[in-house]
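Got a minute for a quick tour of two binding sites? Have the structure open and follow along.

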Amino acid sequence: MPPSPMACYAFILVLLQIFTPISARLIRPVTNNTLVSDGDRPVQLWRVGASLQHPSLQHLLLQGLIEKWADDATSSLVMVREEDVPEVQAALQEEQVEYNVAVEDLLSLVAAETEHKMRGRRKREIERMDWNSYHALEDIEGYLGWLNASTNGVVQVLSAATTQEGRPVYVVRVNDRGATGPKKRIWIEGGIHAREWISPAATTFILHQVATNPDWQRTILPHTEWYFVPVANPDGYAHTFTGGRARLWRKNRRVNDNALPDRCNGVDLNRNWDLKWGVGASQNPCSELYMGEVPFSEAETTGLKYFMERVGPLDLFITFHSYGQSVLYPWGWTKDPPKNAKMLHRVGRRFLEAVQHVSKGQVDYTLGGSGAMLGFASGATDDWAYGALGAKHAYTIELRDTGHYGFLLPEAQIGSTVRETAAGVQCMVTYMINNGVCARRRRNARNRNNV
Ligand code: ARG
Ligand code: ZN
């Protein structure tokens, strides 16, 4: 990939900052300009000389004063709202943690992206879907309606919940009732985090393969039954299409307290499930990791939980996030491996291999337990699906990229990303059903008659 404008810009800024004493690093005086609404005020990206595991950074994170962009053993990239600069600066200086500003205003990158998308959206007819641009919620819902009407009963669009703002959380079931015999049950969830736009794109693309691709229909559909949640957090997703800071929104849009600023709205739906609830999550509503007042406090999580329980035992559960290029399996709340870690690893490896193959060695994923790889976080869907529901395999897949564009993955990368992701899932599933591209061995004639 050629260096992005953001990376070059960041590089120059980093060079400038390295030679500036910390006391002189307040980028811009904080003004109370009432003409600019908070939603349009700058959000900076800081490179910090400590991991997010550092106690003072953990504290800032759980308070909601910084938001995670990237993290490794010795440094991290975090977002800081302009008005929070003095407070974050003071905290870091006190701990003598070095930092510099990598991008002074992330939103300047967002503005161009959003404008482009809004223009495209007005022209597009909603019956058609494509994977060359990001789609507003209405487009995705229009596409689901089209699928429902044109696939002869194979696709059913159902609703699992109604959000606080009144939007349905759709679950799309794909099942060929003509094919009897044992079937693997597969649940694919997308869009639980609002700003991770590539996630609903990948989810709808895989849905499209299952529902319309003759190859998938021949080798996979007779042996599987699918449930897709294209957008698990529709209020949050719709919010990210309103421009400015909203593009970087993660949680849902619950109003926690009318008296608090906007960032104190919302619950992190991936901290709200009831399995070891509260580890690596925040009790502060203003944090982007807010776990909610009680487990399953949210309509989205409760509705999905009931739906999943009614569906029954799952063979495979996948939730798509971005970014990081990793396939993660339980547990999120401990570094200890689960009982069948070996099997989770083996099936997960199929995803990595297929992506490598399709991308001709250009795209590498990592694989491992999520607590060990990312640090602790509980109350997430994957742990619940695995530990409470008893799904045989459960994964969080962090899609492209590795931090170059982060949540703002350019539209030019959607097509290749969703294609390699579908190939990854196809390989996992055909391995599990032992039929199709990644079958362990060819079925013999007798076997074939029996399935
Ligand atoms: N980025 C995801 C999140 O923060 C990772 C979740 C991984 N799973 C887990 N149980 N921690 O929600
Ligand atoms: Zn996420």
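Here is a short briefing on the two ligands and what holds them. Keep in mind that this is a predicted model.

**Around ligand 1**

- Ligand 1 has 13 residues around it, and the closest include Asn270, Arg271 and Asp382.
- On the oxygen side of things, a polar side-chain atom of Asn270 sits 2.7 Å from an oxygen atom of ligand 1.
- Glu398 brings a side-chain N or O atom to 2.7 Å from a nitrogen atom of ligand 1.
- Ala377 joins in through its backbone, with a polar atom 3.0 Å from a nitrogen atom of ligand 1.
- Of the 340 Å² of accessible area that ligand 1 has on its own, the protein covers 91%.
- As for where the shell comes from, helix H11 (370–374), helix H12 (381–387) and strand S12 (393–399) each chip in at least two residues.
- By character, the shell splits into five charged, five polar and three nonpolar residues.

**The zinc ion (ligand 2)**

- His193 and His321 each offer ND1 to the zinc ion, while Glu196 is listed with two OE donors, and these protein donors lie 2.1 to 2.3 Å from the metal.
- Read along the chain, the donors follow the spacing H-x2-E-x124-H.
- The four donor atoms make angles of 58 to 149°, and the site is classed as irregular.
- For comparison, four tetrahedral donors would ideally give 109.5 degrees.

**Buried or exposed?**

- His193 has 3% relative accessibility, so this zinc donor counts as buried.
- Glu196 is also at 3% relative accessibility and therefore counts as buried.

How values were computed: Residues numbered from 1 in each chain as written. Chains lettered and ligands numbered in written order. Predicted model: local features only at pLDDT ≥ 70, side-chain atom pairs only at ≥ 80, totals over all residues. Heavy atoms only, no water. Near = heavy atom within 4 Å. Polar contact = N/O pair within 3.5 Å; in protein donor to acceptor, adjacent residues only side chain to side chain. Areas by Shrake-Rupley, 256 points an atom, 1.4 Å probe, with all protein chains shown as cover. Helix = DSSP H or I, 4+ residues; strand = E, 2+ residues; numbered from the N terminus. Nonpolar A, V, L, I, M, F, W, Y, C, P; charged D, E, K, R; others polar. Donors = N, O, S within 2.8 Å, 3.2 Å for Na, K, Ca; no water. Tetrahedral: all angles 85-135°; square planar, octahedral: opposite > 155°, others 65-115°. Buried < 20%, exposed > 50% of the residue type's maximum accessible area, 1.4 Å probe, protein only.
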